[in-house]
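Labels such as buried, edge-to-face or right-handed are useful when the reasoning behind them can be retraced. The exchange below takes up a number of such labels and asks what each rests on.

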Amino acid sequence: MLDEVVELLACPHCGLDLERSGNSLRCSSNHVFDFARQGYVSLLSGRSKVVGDTAEMVAARAGFLGAGHYDPIADAVASAVTGDGPVVDIGAGTGFYLTRALGDRIGVALDVSKYACRRAARAHPRVGAAVADAWQPLPIRTGAAGVVLNVFAPRNASEMRRILRPGGELVVVIPDPGHLTGLVDHLGLLNVDESKPERLAEQLGGHFTPLERRAVEFRLELTRAEALAAVAMGPSAWHTTPEALEAKIAALPAPVTPTAAVTVARYRRTP
């Protein structure tokens, strides 16, 4: 992890600055956090109530995203990142969207899954990864970020605002109600809540000012194995079994052609 990235981090217990100490990070209150051999560090303050993605879910996501299926979303995210300064990705997963949006900046990938952080730590030489819970105080110094990313991830509006510098920007991606139509319906999986845009506005109101919204919609052409990965990498994976999914997907005509539909929204931190 680069020293420039370490300078963005804060102790999850007391909020003090962290500094490198050998193969660890330490604050002046002597809270110590060791680097894992894969290059990430766990900055959880106690046990999280959130269950992070499993190794299987992360592997499915890495394969699916690496094949380019969601490149139009990544391109839209990169285009929306216009602010200066370090980029912090909350719920970063493998670091796929962060690396595409990074430009010449440095970045921090935060995720509650250690399996995701293992991959994110190796995603880009200017990215550091830390295990963190989005619902706890984020282990980032106040005002340290120029841009915050939040792609298909939980949103703690007050903490996202806190870590952004004045004038900093937030880029959020949420699935639209029609996301993965043609796959979700056939498999009886979780549908996107029709009220999701309204709930997003309510969550961010008072903390962020909306700047622009862009709808991104495109048709996917997937093998059955890729369709399985599209399901296995998301929240629907918690509500079924691999065996049940494989049986249902085997009955689908190939190629599988669902529609991806998301909204990419950009906001500015309120003064």
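What follows is a series of questions and answers on this predicted model.

Q: What makes the radius of gyration of the protein chain agree with that of a compact globule?
A: The globule rule takes 2.2 Å times the number of residues to the power 0.38, and for 271 residues this gives a value near 18 Å, while the protein chain has 18 Å, so the two agree. Along the principal axes, the C-alpha atoms fill a box of roughly 60 × 40 × 35 Å. Of the 271 residues, 50% count as buried, and among contacts between residues at least 6 apart in sequence, 64% join residues at least 24 apart.

Q: How many helices and strands does the protein chain hold, and what is the order of the strands in the open sheet?
A: The protein chain has 10 helices and 11 strands. The open sheet takes 8 strands in the order β4-β7-β6-β5-β8-β9-β11-β10, and its pairing is mixed.

Q: Why are β4 and β10 said to stand at the edges?
A: Each of them, β4 (41–42) and β10 (208–219), has a single partner strand, so one side of each is left without a neighbour in the sheet. For β4, a parallel pairing with strand β7 (residues 127–131) is made by 2 bridges, and pairing requires at least two bridges, so this case meets the cut-off. Within that pairing, Ser42 stands opposite Val131 in β7.

Q: What makes the pairing in the sheet mixed?
A: Strand β9 (residues 164–175) shows both senses through its two pairings: with strand β8 (residues 145–151) it pairs in the parallel sense over 6 bridges, and with strand β11 (residues 259–269) in the antiparallel sense over 7 bridges. In the pairing with β8, the bridge partner of Leu149 is Val171, and in the pairing with β11, Pro175 stands opposite Val262.

Q: Through which helix does the chain cross from β8 to β9, and what is the hand of this crossover?
A: The chain passes through helix α6 (residues 157–163), and the β-α-β crossover is right-handed. The label means that, with the strands pointing away from the viewer, the path from the first strand over the helix to the second runs clockwise.

Q: How do you know that β9 is mostly covered?
A: Of its 12 residues, 9 are buried, where buried stands for a relative accessible area under 20%.

Q: Why is Glu212 called partly exposed?
A: Its relative accessible area is 39%, and since the class between buried and exposed runs from 20% to 50%, the value falls in that class, so the label follows. Glu212 has its place in strand β10, and, leaving aside neighbours within four places in sequence, it is in contact with Val264, Ala265 and Arg266. Between Glu212 and Val264, 52 residues apart along the chain, the C-alpha atoms are separated by 8.4 Å.

Q: Which residues touch the most other members of the largest nonpolar core?
A: They are Tyr70, Ile73, Val77, Tyr97 and Leu149, out of 51 residues in that core. Helix α3 (residues 71–80) gives the most to it, with 5 residues. Leaving aside neighbours within four places in sequence, Val77 is in contact with Tyr97, Ala101, Leu149, Val151, Val171, Val173 and Val264. Apart from this core lies another, of 37 residues, including Val6, Leu25, Ile106 and Ala265.

Q: What makes the ring pairs Phe64 with Tyr70 and Phe96 with Tyr97 edge-to-face?
A: The count of aromatic pairs comes to 3. For Phe64 and Tyr70 the ring centres are 5.1 Å apart and the planes stand at 85°, so the pair is edge-to-face; rings pair with centres within 6.5 Å, and planes over 60 degrees apart earn that label. For Phe96 and Tyr97 the centres are 5.0 Å apart and the planes stand at 80°, so this pair is edge-to-face as well. Ring pairs also link Phe64, Tyr70 and Phe218 into a cluster.

Q: Why do Phe96 and Tyr97 count as buried?
A: The cut-off for buried is under 20%; Phe96 has a relative accessibility of 13% and therefore counts as buried, and Tyr97, at 7%, therefore counts as buried too. Phe64 and Tyr70 are both buried.

Q: Which residues of helix α9 are buried, and what covers them?
A: In α9 (residues 224–232) the buried residues are Ala227, Ala229, Ala230 and Val231. Their cover includes α2 (55–66), α7 (184–187) and α10 (242–250).

Note on methods. Residues numbered from 1 in each chain as written. Predicted model: local features only at pLDDT ≥ 70, side-chain atom pairs only at ≥ 80, totals over all residues. Heavy atoms only, no water. Core = buried A, V, L, I, M, F, W, Y, C linked by side-chain atoms within 4.5 Å. Buried < 20%, exposed > 50% of the residue type's maximum accessible area, 1.4 Å probe, protein only. Helix = DSSP H or I, 4+ residues; strand = E, 2+ residues; numbered from the N terminus. Contact = heavy atoms within 4.5 Å. Phe/Tyr/Trp six-rings, centres within 6.5 Å; stacked < 30°, edge-to-face > 60°.
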